[in-house]
Amino acid sequence: MLDRPPIKRMDEPIDEIRAAVRTVDLHKTYKGPGGEVPAVQGIDLSIAHGEFYGLLGPNGAGKSTTIGMLTSLVVPTSGRATVCGFDVAKHPVDVKRRIGMVSQGNTLDNELNAFENLEFRGRYFGLSARDARRRAGELMEMFNLTDRREGKPFEMSGGQAKRLMICRALVHHPEVLFLDEPTAGLDPQTRVNLWDVLRELQSGGQTILLTTHYMEEAEALCERVAVIDHGKVLASGTVDDLKASAGADTVITVSYDGPVPDGVAKLRDRGGVTKVEVTGTQVRVFAQAADGLLGELVAIGSSAGTGVTDASQLRPSLESAFLTLTGREYRE
Amino acid sequence: MTAVSTPASSPAPSPASAAPAVRPTLPRTFLAMMAREMRVMRKNFVATFARVLAQPVLFVFVFSYVLPKIGGAGAGTMSAASRGSGGTFSTVLVPGLVGSAIVMQAMMAVIFPLMMELNWQRSITDRALAPLSVPMLAVQKITAAGVQALIGGLLVFPCVLFVHASGQGPKIHVSNWATLVVVLVLGSLMSSAAGLWLGTLLDPQKVQMMFALVLLPMSMLGCVYYPWAAMGHIRWLQILVLVNPMVYVNEGLRAALTPQVGHMSAWAYLSVLVVGTVLLTWGAMRTFTRRVLQ
Ligand SMILES: Nc1ncnc2c1ncn2[C@@H]1O[C@H](COP(=O)(O)OP(=O)(O)OP(=O)(O)O)[C@@H](O)[C@H]1O
Ligand SMILES: [Mg+2]
């Protein structure tokens with residue numbers, strides 16, 4: 001529905017003043033009774049104004065901790081982070097003035113109803129009571145929450161609460177919007193609707209930093225992505241860059257109704273093919289240039305008198321890139 | 001959400017648009033948070049104040065009305081407490097019950113919401129993201145609970161003033177309004193600061209225990225039912241209870257409301273109230289910040 005803005009290429013680091021978000025060698029080690037947990041171990045990010053940036057990583061990767069440090073709620077152990085040019089540790093109030101955050105869990109004010117949650121957020125940020133109520137009504141309408149006006153936060157469904165939290169984060173027109181797994185636990189329809197909302201926000205110039213478990217979410221939304229695990233950035237860049245740098249191949253899998261014909265082995269010498277794996281009646285071909293390959297595999301089969309029972313083609317994805325980068329299956 | 005996903009049909013402004021006329025300043029944010037507390041208090045008015053009013057009202061009913069009427073042994077015992085104080089037992093009770101109500105209300109006003117905000121879903125995040133430093137947020141919480149405590153004290157006052165059998169009424173005489181106001185305000189603030197300090201220091205399981213093991217003895221031994229001077233007969237206890245901050249609130253109110261009853265000297269209760277408020281606020285700002293920021 002909405003055209004994606006052109007992918008920006010920003011390989012050179014952005015200086016702190018111009019960057020919406022910048023971190024240098026950021027570390028966080030939690031000290032608890034159970035010992036020390038190194039949650040973030042040297043993360044460097046720079047995100048430009050207006051950019052839609054994704055932090056992609058499995059459970060426990062350190063995404064929420066990173067967001068926590070950028071929103072001044074988690075104190076970095078070492079390193080530096082600035083948001084809109086303000087150091088999060090030294091000037092937390094200046095940072096908080098400029099950001100909105102949708103946390104992973106439901107952190108709505110349970111003593112207030114849905115409308116009041118937005119109204120008071122506006123007032124905390126300096127709006128008069130009248131302006132705050134107008135802004136709250138406007139956002140509730142935009143996010144289709146008007147019928148939940150008087151609803152208590154803990155009585156709302158997961159999707160409603162998430163939308164209300166997004167409204168709350170937007171009340172004061174933040175320069176940078178942080179979204180910590182905004183679509184986790186939402187049904188597919190609600191998730192896609194939320195994607196549309198986020199795309200629209202970004203096309204209006206909103207800087208967004210989003211964390212997600214989902215490869216397809218990062219691919220669908222983010223201009224640039226940092227893949228993180230165990231508190232470190234494994235790779236970063238545009239989604240296409242990541243796929244390319246990881247050397248991700250298209251994977252074609254074909255199952256025959258008999259043993260794999262010998263002719264298949266000859267494909268190893270075909271241009272663009274990186275690897276051919278044969279296991280019993282199934283062959284898996286990894287290729288950079290996969291045009292026509294599937295047809296050839298079928299043809300090889302029929303000339304040997306063997307039929308094809310199943311065939312699939314998997315295009316390069318973040319998932320295959322993650323696999324190549326870490327040597328591990330992506331755990332969602 | 002459909003309103004957003006169908007922008008072609010609706011001219012609604014995009015969520016990111018519209019001129020941001022937002023100018024948050026510390027006083028504005030602080031006042032907005034106080035307005036929130038007032039809204040919450042108005043919604044829960046009955047529940048909030050019933051819990052602190054019930055105990056003193058029942059107490060004066062039994063000791064200033066029922067017992068004097070039936071002339072039971074209790075009344076005789078009670079009159080011992082007020083002997084030499086030139087008044088009835090209810091005269092002793094008025095400052096004590098108002099003072100203990102203030103302390104209790106302040107503690108509950110700060111600790112109960114805090115248990116929810118810090119533990120269940122960490123909804124403190126909602127307030128922590130407001131453009132206000134976290135130590136200032138602690139000051140705001142202390143102020144808000146202090147206001148609630150003051151209201152609690154003012155609600156208890158008429159109850160303990162007017163509930164009594166004939167001839168058993170308290171003799172109240174405000175000799176010094178400034179003392180009264182200072183003791184009421186500082187007593188409220190000191191108690192809510194103590195509440196925030198304890199609430200951020202203890203884990204939730206221990207808070208239950210605190211109410212039983214700290215607050216109950218605090219009010220039984222807080223010079224609520226007898227003036228501090230009357231404890232001269234039990235010297236060790238008289239000295240021991242000086243660690244109880246509630247003593248100073250009650251004795252200060254005694255000096256302001258019933259000056260004819262023997263009370264602690266002004267320098268004692270005033271200096272404890274001032275120093276206690278400052279120290280507990282400072283301590284609570286530190287422990288609160290440690291709990292909110294990870
Ligand atoms: N308050 C805390 N105290 C101690 N350890 C913590 C705390 N918060 C997070 N951790 C630990 O830090 C690590 C990173 O956690 P974090 O919440 O940042 O991960 P995440 O990427 O957001 O994971 P998820 O996808 O599950 O939300 C984990 O090992 C977690 O157990
Ligand atoms: Mg997380």
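# Worked exercises on a two-chain model

Along its sequence, chain B runs α-α-α-α-α-α-α-α-α-α-α-α. The model is predicted, so please keep that in mind as you work through the exercises.

## Exercise 1: Chain B in outline

**Task.** How many helices and strands does chain B have, and what share of its residues is buried?

**Solution.**
- Step 1: Take the secondary structure. Chain B has 12 helices and zero strands.
- Step 2: Turn to burial. Of the 294 residues in chain B, 51% are buried.
- Step 3: Try one pair within the chain. Phe61(B) and Gln168(B) are 107 residues apart along the chain, and their C-alpha atoms are separated by 11 Å. Phe61(B) belongs to helix α3, residues 45-70, and counts as partly exposed because its relative accessible area is 39%.

## Exercise 2: The faces of helix α4(A)

**Task.** Compare the span of helix α4 of chain A with the value expected for its 14 residues, then find which residues are buried and where they fall around the axis.

**Solution.**
- Step 1: Work out the span. Helix α4(A) covers residues 129-142, and at 1.5 Å a residue it should span 20 Å. The C-alpha atoms at its ends are 20 Å apart, so the two values agree.
- Step 2: List the buried residues. These are Ala132(A), Arg135(A), Ala136(A), Leu139(A), Met140(A) and Met142(A).
- Step 3: Look down the axis. The buried residues fall within an arc of 160 degrees and therefore line one face of the helix.
- Step 4: Turn to the face pointing away from the buried side. Arg130(A), Arg134(A) and Glu141(A) are the exposed residues there.
- Step 5: Look past the end of the helix. Asn144(A) follows α4(A) and has a positive phi, near 60 degrees.

## Exercise 3: A salt bridge within one helix

**Task.** What is the distance between the closest N and O atoms of Glu138(A) and Arg135(A), and is Arg135(A) buried or exposed?

**Solution.**
- Step 1: Recall the principle. Side chains of opposite charge can pair when their charged atoms come close.
- Step 2: Apply it. The closest N and O atoms of Glu138(A) and Arg135(A) are 2.8 Å apart, and the two residues form a salt bridge.
- Step 3: Place the pair. Both residues lie in helix α4 of chain A, three residues apart, which is about one turn of the helix.
- Step 4: Check accessibility. Arg135(A) is buried because its relative accessible area is 6%, whereas Glu138(A), at 29%, counts as partly exposed.

## Exercise 4: From one bridge to a network

**Task.** Which helices hold Asp126(B) and Arg168(A), and which residues share a salt-bridge network with them?

**Solution.**
- Step 1: Start with the pair. Asp126(B) and Arg168(A) form a salt bridge whose closest N and O atoms are 2.7 Å apart.
- Step 2: Locate the partners. Asp126(B) sits in helix α6 of chain B (residues 124-128) and Arg168(A) in helix α5 of chain A, so the pair joins two chains. Both residues are buried.
- Step 3: Move to another bridge. Arg127(B) pairs with Glu117(B), with 3.2 Å between the closest N and O atoms. This pair links distant parts of the chain, with Arg127(B) in α6 and Glu117(B) in α5 (residues 89-119) of chain B, 10 residues apart.
- Step 4: Check burial. Arg127(B) counts as buried because its relative accessibility is 2%, and Glu117(B) is buried at 4%.
- Step 5: Assemble the network. Salt bridges link Asp109(A), Arg121(A), Arg168(A), Arg36(B), Glu37(B), Glu117(B), Asp126(B), Arg127(B) and Lys141(B). Over all chains, the whole structure has 28 salt bridges.

## Exercise 5: The magnesium site

**Task.** Which atoms coordinate the magnesium ion (ligand 2)?

**Solution.**
- Step 1: Identify the donors. OG of Ser64(A) and OE1 of Gln104(A) coordinate the ion at 1.9 to 2.1 Å.
- Step 2: Place them in the chain. Ser64(A) is in helix α1 (residues 63-70) and Gln104(A) in the loop between β6 (99-102) and α3 (114-124) of chain A, 40 residues apart.
- Step 3: Compare accessibility. Ser64(A) is partly exposed at 29%, and Gln104(A) is partly exposed at 39%.

## Exercise 6: A nonpolar patch

**Task.** Which residues make the nonpolar surface patch of about 510 Å²?

**Solution.**
- Step 1: Name the members. The patch is made by Val274(B), Val275(B), Val278(B), Leu279(B) and Trp282(B).
- Step 2: Follow one of them. Trp282(B) is in helix α12 of chain B, residues 266-292, and is exposed because its relative accessible area is 53%.

Technical notes
Residues are numbered from 1 along each chain as its sequence is written. Chains are lettered from A and ligands numbered from 1 in the order in which they are written. This is a predicted model: local features need pLDDT of at least 70, side-chain atom pairs count only at pLDDT 80 or more; totals for chains, interfaces and linings use all residues. Side-chain values use heavy atoms; hydrogens and water are left out. Patches are made of residues with over 30% relative accessible area and no salt bridge: like charges are joined within 9 Å, nonpolar side chains (Val, Leu, Ile, Met, Phe, Trp, Tyr) within 5 Å. Accessible areas come from the Shrake-Rupley method with a 1.4 Å probe; for residues, only the protein chains shown count as cover. A salt bridge is a side-chain nitrogen of Lys or Arg within 4 Å of a carboxyl oxygen of Asp or Glu. Helices (H or I, at least four residues) and strands (E, at least two) are DSSP runs, numbered from the N terminus. Buried means under 20% relative accessible area, exposed over 50%, partly exposed in between (1.4 Å probe, protein chains only). The expected span of a helix is 1.5 Å times one less than its number of residues. The arc is that of the directions from the helix axis to the C-beta atoms. Donors are N, O and S atoms within 2.8 Å of the metal (3.2 Å for Na, K and Ca); water is not among the atoms, so sites may look incomplete.
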